[in-house]
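Student: Please take a close look at one pocket of this model, and begin with the part of the chain that contributes most to its lining. I would then like to see how that region fits into the rest of the fold.

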Amino acid sequence: MVRVAIVDDHRIVIAGLRRLLDMEPGIQVVGTAVSAMSGIELCDETRPDVLILDMRLPDGRGTQVISRFRERYPGMRIVALTGYGGMVQKEALEAGANVFLTKELASDEVVRAVLGPAVRTSVSTGWDELSDREKEVARLAITGMSNPEIARELMISINTVKTHLASVLYKLGARNRTELATVMREV
């Protein structure tokens with residue numbers, strides 16, 4: 001059983017995540033909190049395996065919050081959750097988050113992030129999990145194109161590019177575009 005704590009200052013987000021995760025076999029939500037301080041208390045009490053952590057809390061923001069939790073709970077899987085993408089993703093991963101998700105991702109991506117990356121026998125298996133649009137974004141990203149350039153090329157929004165790129169990185173187990181380029185050489 002994977003034990004999960006949720007820390008987000010939006011109660012509707014907490015309710016949605018809790019409902020989603022409670023429906024999954026093998027996942028137990030052990031508690032929720034609406035601030036970094038109450039999240040630390042929650043984690044002290046419940047010792048979750050996974051923490052879903054909003055990056056914008058009333059008593060802490062971004063990398064500071066992630067760093068605080070990473071120092072206190074080094075073995076806990078941290079899923080950074082935000083409404084923003086771009087450079088925030090890089091900062092979150094560098095601060096110690098295991099996974100970065102934007103709040104616009106599909107529910108199955110949240111479940112996958114909580115359960116951890118699937119064990120793959122090869123990178124090509126991960127590549128097969130990508131949608132056609134995710135593959136297009138990945139190919140353009142490793143050429144050095146920026147998110148706005150990719151958005152223009154594919155005629156989609158920058159936020160959609162960020163969402164697809166975050167999903168690609170997660171599915172292929174890469175932390176950034178450089179690792180993505182390395183991983184894609186194997187495909």
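Tutor: Helix α9 supplies the largest share of the lining of the second largest pocket, namely three residues. Everything that follows refers to a predicted model. The space in the second largest pocket comes to about 210 Å³. Its lining is made up of 13 residues, and Asn98, Val99, Leu169, Tyr170 and Ala174 are those closest to the centre of the pocket. Besides α9, which spans residues 158–172, the elements that give two or more residues to this lining are α4 and β7, the latter covering residues 99–102.

Strand β7 deserves attention in its own right, since Val99 appears again there. As a general point, side chains in a regular strand alternate between the two faces of the sheet. In β7 both faces are covered, with Val99 and Leu101 buried on one side and Phe100 and Thr102 buried on the other. The strand is paired with β6 in the parallel sense, over four bridges, and within this pairing valine 99 of β7 has valine 79 opposite it.

Just before α9 comes a backbone feature worth checking. Methionine 155 lies in the loop that connects α8, residues 147–154, with α9, and its phi is positive, at about 55°, although the residue is not a glycine. For background, most residues other than glycine have a negative phi. Methionine 155 counts as exposed because its relative accessibility is 73%, and the cut-off for that class is over 50%. Arginine 47 offers a parallel case: its phi is near 45°, again a positive value in a residue other than glycine, and it sits in the loop between α2 and β3. With 52% relative accessibility, arginine 47 also counts as exposed.

From the pocket one can move to the nonpolar interior. The largest nonpolar core contains 24 residues, and those with the most contacts inside it are Cys43, Leu51, Leu53, Ile66, Phe69, Ala80 and Ala92. At least two residues of this core come from each of β1, β2, α2 (36–46), β3 (50–54), α3 (62–72), β6 (77–82) and α4 (87–95); α4 and β6 have thus already been met, the former in the pocket lining and the latter as the partner of β7. The most is given by α2, with four residues. Cysteine 43, when its neighbours within four places in sequence are left aside, is in contact with Ala5, Pro48, Leu51, Phe69, Tyr73 and Met76. Apart from this there is a second, separate core of 20 residues, which includes Val137, Leu140, Ala151 and Val183.

Two of the strands that feed the largest core also belong to a recognisable unit. Strand β1 (residues 2–7) runs parallel to β2, and six bridges join them; together with helix α1 (residues 11–22) these strands make a right-handed β-α-β unit. Strand β2, residues 27–33, has five of its seven residues buried, so it is largely enclosed by the rest of the structure.

Valine 2 lies in strand β1, and its bridge partner in β2 is isoleucine 27. Valine 2 is 26 residues from glutamine 28 along the chain, yet their C-alpha atoms are separated by 6.1 Å. Not counting residues up to four places away in sequence, valine 2 touches Gly26, Ile27, Gln28, Asp49, Val50, Val114 and Leu115.

Valine 114 leads from there to helix α5 (residues 107–115), where it has its place. Because its relative accessible area is 2%, valine 114 is buried, the limit for that class being under 20%. With residues up to four places away in sequence again set aside, it touches Val2, Val4, Leu21, Ile27, Val50, Ile52 and Arg77. Valine 114 is also 8.3 Å from leucine 51, C-alpha to C-alpha, with their positions 63 residues apart in sequence.

These local views belong to a protein chain with ten helices and seven strands. Of its 187 residues, 49% count as buried. Among contacts in the chain with a separation of 6 or more, 62% join residues 24 or more positions apart.

Notes
Residues are numbered from 1 along each chain as its sequence is written. This is a predicted model: local features need pLDDT of at least 70, side-chain atom pairs count only at pLDDT 80 or more; totals for chains, interfaces and linings use all residues. Side-chain values use heavy atoms; hydrogens and water are left out. Buried means under 20% relative accessible area, exposed over 50%, partly exposed in between (1.4 Å probe, protein chains only). Two strands pair if DSSP finds at least two bridges between them. A crossover is right-handed if, with the strands pointing away from the viewer, the path from the first strand over the helix to the second runs clockwise. A nonpolar core is a set of buried Ala, Val, Leu, Ile, Met, Phe, Trp, Tyr and Cys residues joined through side-chain atoms within 4.5 Å. Contact means heavy atoms within 4.5 Å. On a 1 Å grid over the protein atoms alone, a cavity is a set of points where a 1.4 Å probe fits but cannot get out, and a pocket is an open set with protein on both sides within 12 Å along at least five of seven lines; lining residues have an atom within 4 Å of a point. Grid points are joined across faces, edges and corners, and a volume is the space filled by probe spheres set on the points.
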